[in-house]
Amino acid sequence: VSPEHNVLVVTGYSGAEYQPILGFLNVGDFHSAEPWLYQGCLKENVRLRVRKYLERH
């Protein structure tokens with residue numbers, strides 16, 4: 001753990017098998033790519049939350 005950066009640091013793994021996404025995200029950086037990778041799930045989650053909120057109010 002890197003307290004300075006608030007991240008888990010993994011040694012021995014380069015992430016090189018995962019190429020930069022959309023040609024600009026860092027190699028192996030999937031945290032920054034989550035909106036693209038999970039956009040369908042995120043969209044459905046927001047839709048469900050809005051529906052539940054509207055049902056209660």
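## A colleague's note on the salt bridges and the N-terminal segment

1. Arg51, Lys52 and Glu55 are linked in a network of salt bridges, so let me start there, with the reminder that this is a predicted model. Glu55 takes part in both contacts described here: one salt bridge joins Glu55 to Arg51, with the closest N and O atoms 3.5 Å apart, and another joins the side chains of Glu55 and Lys52 at 3.9 Å, N to O. A salt bridge here needs the nitrogen within 4 Å of the carboxyl oxygen, so the Glu55 and Lys52 pair, at 3.9 Å, does qualify.

2. How are these partners spaced along helix H2? Glu55 and Arg51 are four residues apart in H2, which means that about one helical turn separates them. Glu55 and Lys52 also both lie in H2, three residues apart, and this again is about one turn of the helix.

3. A look at accessibility in this network is useful too. Glu55 is exposed, with a relative accessible area of 53%. Arg51 counts as partly exposed at 43% relative accessibility, and Lys52 counts as partly exposed at 37%. The cut-off for exposed is over 50%, so Glu55 passes it with its 53%.

4. How many salt bridges does a search of the whole structure find? The search finds three. Besides the two that involve Glu55, the side chains of Glu44 and Arg47 meet in a salt bridge of 2.8 Å, N to O. Both residues lie in helix H2, which covers residues 39–56, and they sit three residues apart, about one turn of the helix. Glu44 is partly exposed at 41% relative accessibility, and Arg47 is partly exposed at 46%.

5. Now for the chain as a whole. The protein chain has two helices and zero strands. Of its 57 residues, 9% count as buried. The chain exposes about 5300 Å², and carbon and sulfur atoms supply 58% of that area.

6. Part of the surface deserves its own point. Val1, Leu8, Val10 and Tyr13 make a nonpolar surface patch of about 480 Å². One of these residues, Val10, is placed in the segment before helix H1, the helix of residues 34–37. Val10 is exposed, with a relative accessible area of 51%. With the exposed class starting over 50%, Val10 is counted there because its value is 51%.

7. Is Ser2 buried or exposed? Ser2 counts as buried, at 13% relative accessibility; the cut-off for buried is under 20%. Ser2 is found in the segment before H1. Leaving aside residues up to four places away in sequence, Ser2 touches Val7 and Val9.

8. Finally, please have a look at the backbone of Asn6. Most residues other than glycine have a negative phi. Asn6, however, has a positive phi of about 55° although it is not a glycine. Like Ser2, Asn6 is found in the segment before H1. Asn6 is exposed, with a relative accessible area of 69%, whereas Ser2 counts as buried.

Notes:
Residues are numbered from 1 along each chain as its sequence is written. This is a predicted model: local features need pLDDT of at least 70, side-chain atom pairs count only at pLDDT 80 or more; totals for chains, interfaces and linings use all residues. Side-chain values use heavy atoms; hydrogens and water are left out. Buried means under 20% relative accessible area, exposed over 50%, partly exposed in between (1.4 Å probe, protein chains only). Accessible areas come from the Shrake-Rupley method with a 1.4 Å probe; for residues, only the protein chains shown count as cover. Patches are made of residues with over 30% relative accessible area and no salt bridge: like charges are joined within 9 Å, nonpolar side chains (Val, Leu, Ile, Met, Phe, Trp, Tyr) within 5 Å. Contact means heavy atoms within 4.5 Å.
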